[in-house]
Amino acid sequence: MKKRNLLVVPIMATMLFAAAGCTNDQSASTSSSKNDKSPVTFTYFNAGAAGKDLNTNETTIGKELEKQTGVNFKVEHIVGDVNTKIGTMIASGKYPDLLVPDQGIDKVVQAGGFIDLTDLINKHAPNLKKLYGPYLNQMKDPKDGKIYFIPFGANQGYAAYPDIQQSAFWIRRDVLKEAGYPKVKTIDEYFKLIEDFQKKHPQTNGSPTIGYTSLNYDWRFTIRDGARHAAGYGNDGANTIVDAKTQKASVYANKDWMKTYLQKLNDLNDKGVFDKEAFVSNYDEYLAKIASGRVLGFFDYQWQAAQALNSLTQAGNDDLRYMALPITFDASIRDAYIDPPTFVNNRGVGITVSAKDPVRIIKYLDALCKEDNQKLVEWGIKGQTYEVNDKGRFYRTPEEIAKTQDPKFNDKFGFTTFDWYWPVGGGLYKDGNAWIPAQQQEVAQASYTEGDKKLLDAYGLKVFSDLFAKPEDRPWFPAWSSPLEQGSPAQIFDQKASDLEKKYMAKLVLAKPSQFNSLWEEYVKQFNALDIKSYEKTMNKVVQDRVKLVTQK
């Protein structure tokens with residue numbers, strides 16, 4: 001998952017919704033004339049991200065798409081708990097026309113909330129079918145072979161990001177500057193730098209300096225993720241790691257290195273370095289802390305912290321911005337922070353059983369998938385937000401870079417709205433340009449500030465991702481994109497394990513050091529009593545099936 005420039009509710013009987021889906025699907029072929037471009041407004045709900053509610057035709061991109069299709073969307077974003085909101089929709093049977101349920105997508109599918117898109121795509125969406133052609137089989141529901149939603153990010157070849165777009169341990173730049181730009185590889189080196197700097201600088205702009213914080217709100221629970229990456233594993237799920245050599249999946253929240261990591265955070269807490277509000281702050285409060293510049297370090301995904309990171313860039317103080325580091329427990333561990341190219345098929349956007357006119361909606365999504373429109377939503381308008389040199393390479397002038405880094409401009413133009421959570425490609429266009437500006441090396445290098453350049457020079461880098469190991473081939477990746485059947489032993493384990501982890505990891509970090517070992521033993525005893533065997537069996541089948549699928553290609 002990514003953002004580009006990434007709890008249980010009752011499931012009601014599905015017969016009524018399934019019937020509604022059939023009715024809507026049957027009417028789809030007759031509800032719209034072939035070239036109907038009359039003005040119409042549909043509803044779209046995005047449970048994947050907070051944001052400003054608006055109509056798409058309030059943006060430059062939305063106006064152009066409405067000109068082509070006649071369609072406008074009233075967009076609403078999630079406020080509060082995702083599962084509660086999606087659960088309310090399921091219980092009432094009332095949905096928006098277009099829905100992004102985020103991690104609640106399986107619940108919506110099982111409740112019959114989405115219509116089957118297969119015929120709609122075949123009859124009315126040639127551009128979408130072309131863009132998603134290599135992935136259509138992966139989009140089919142394994143139970144009935146139907147397509148209920150369109151995932152985000154249909155890669156057309158691989159283009160590396162010059163800058164980190166996924167996970168990292170982030171550190172405030174002045175911490176590195178004051179220490180003489182040391183090479184920082186291990187978790188001990190990282191935490192020592194932060195601890196020493198905080199002692200010397202207990203305040204930042206008149207507010208207490210926070211040494212290290214963590215995001216632990218709703219489904220965003222990054223404590224365990226930091227440990228997994230420090231151990232050299234990629235992001236294969238909340239409770240899963242996969243050994244790259246053996247291709248075997250296992251749980252990890254009870255591993256010795258998880259204990260080591262939590263004990264280090266416990267030590268930081270005892271020294272006053274760890275943010276004591278980390279387990280009670282909501283997502284907005286977490287972002288506000290980072291945007292304030294008073295946090296020295298944190299582990300997170302770039303797309304998840306992007307709003308705060310972009311705010312700091314806009315503020316113009318390079319010292320208070322952050323650098324991404326590939327931290328591991330030991331310098332001998334190969335890091336696995338950068339994801340290999342993949343197709344994530346457990347998040348997406350679907351047309352619901354409440355949709356008034358599925359044909360008009362699928363035609364809009366099809367128009368969005370045209371290459372020219374993909375360039376519009378990613379690059380913008382030639383001469384306004386990007387240029388093309390005599391070799392056909394896309395680039396941005398310094399003025400265009402400044403413009404497209406301005407959140408207000410991005411909101412108005414539509415980059416914010418259409419950046420993700422719609423059918424979208426990735427990788428390379430047929431002309432060789434990167435699908436998105438963030439992957440175009442010319443854009444990245446031209447956007448670097450003097451502070452960026454100084455930092456890159458200090459570490460001998462051309463771009464920031466040069467500091468990280470190149471992604472290894474992981475044909476199963478990511479294991480987390482395979483849905484767990486509601487009520488299955490594996491799903492029940494996953495939920496119980498996550499609940500247990502959230503309860504005990506907070507206790508373990510915030511406890512007195514003398515209480516840590518007994519708490520860990522208490523936690524591991526309860527964790528090991530869960531049905532680990534069923535979960536690992538399920539995840540290993542996922543890994544094996546994915547590997548076979550890739551091998552067959």
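**Aromatic pairs, cores and helix packing**

K375 lies in helix α15, which spans residues 371-378. In this predicted model, K375 counts as buried because its relative accessibility is 13% and the cut-off for burial is under 20%. Beyond the neighbours within four places in sequence, K375 is in contact with G380, F394, Y429 and D431. One of these contacts, Y429, also takes part in an arrangement of charge and ring: the charged end of K375 sits over the ring of Y429, 5.0 Å from its centre. A second arrangement of this kind involves R220, whose charged end sits over the ring of Y283 at 3.9 Å from the ring centre.

From charges over rings, the description passes to rings paired with rings. A pair of aromatic rings is described by the distance of the centres and the angle of the planes. The structure holds 42 aromatic pairs. One of them is formed by Y301 and W303, with 5.6 Å from centre to centre and 25 degrees between the planes, and this pair is stacked. Y301 and W303 are both buried. In another pair, that of Y364 and W422, the ring centres are 6.1 Å apart and the planes stand at 50 degrees, so this pair is tilted; the tilted class covers angles that are neither under 30 degrees nor over 60.

The pair of Y364 and W422 can also be placed along the chain. Y364 belongs to helix α14 (residues 358-368), whereas W422 is in the loop between α18 (415-418) and β19 (425-427); the pair therefore ties together parts that are 58 residues apart in sequence. Y364 is buried, its relative accessible area being 0%, and W422 is buried as well, with a value of 1%.

Ring pairs also build a cluster, which links F169, Y190, F191, Y212, Y261, F274, F279, F299, Y301, W303 and F329. The stacked pair of Y301 and W303 thus has both of its residues in this cluster. Two further members of the cluster, Y190 and Y212, recur in the largest nonpolar core: of its 95 residues, Y190, Y212 and Y523 touch the most other members. Helix α21 (residues 489-510) gives the most to this core, contributing nine residues. Apart from this core lies another, of 72 residues, which includes I61, I121, F418 and W435. With neighbours within four places in sequence left aside, the contacts of Y190 are F169, W170, I171, V184, Y212, G297, F298, L325 and I327.

The next step concerns the packing of helices. Two packed helices are described by the angle between their axes and the distance between the axes. Helix α9 (residues 187-200) packs against helix α11 (residues 256-270) at an angle of about 10 degrees, with 12 Å between the axes. The two helices are therefore roughly parallel, since angles under 35 degrees count as such. On the side of α9 the contact is made by I187, D188 and F191, and on the side of α11 by Y261, K264, L265 and L268. F191 and Y261 also appear in the aromatic cluster.

A final position is V109, in helix α4 (residues 105-110). V109 is buried, with a relative accessible area of 17%. Outside the neighbours within four places in sequence, V109 is in contact with F114, D141, Y148 and F149. V109 and T352 are 243 residues apart in sequence, while their C-alpha atoms are 9.6 Å apart in space.

Methods. Residues are numbered from 1 along each chain as its sequence is written. This is a predicted model: local features need pLDDT of at least 70, side-chain atom pairs count only at pLDDT 80 or more; totals for chains, interfaces and linings use all residues. Side-chain values use heavy atoms; hydrogens and water are left out. Rings of Phe, Tyr and Trp (its six-membered ring) pair if their centres lie within 6.5 Å; planes under 30 degrees apart count as stacked, over 60 as edge-to-face and the rest as tilted. Buried means under 20% relative accessible area, exposed over 50%, partly exposed in between (1.4 Å probe, protein chains only). Helices (H or I, at least four residues) and strands (E, at least two) are DSSP runs, numbered from the N terminus. A charge sits over a ring if NZ of Lys or CZ of Arg is within 6 Å of the ring centre and within 35 degrees of the ring normal. A nonpolar core is a set of buried Ala, Val, Leu, Ile, Met, Phe, Trp, Tyr and Cys residues joined through side-chain atoms within 4.5 Å. Contact means heavy atoms within 4.5 Å. Axes are lines fitted to C-alpha atoms, for helices over the stretch in contact, and angles run from 0 to 180 degrees between N-to-C directions. Angles under 35 degrees count as roughly parallel, over 145 as roughly antiparallel, 65 to 115 as roughly perpendicular and the rest as oblique.
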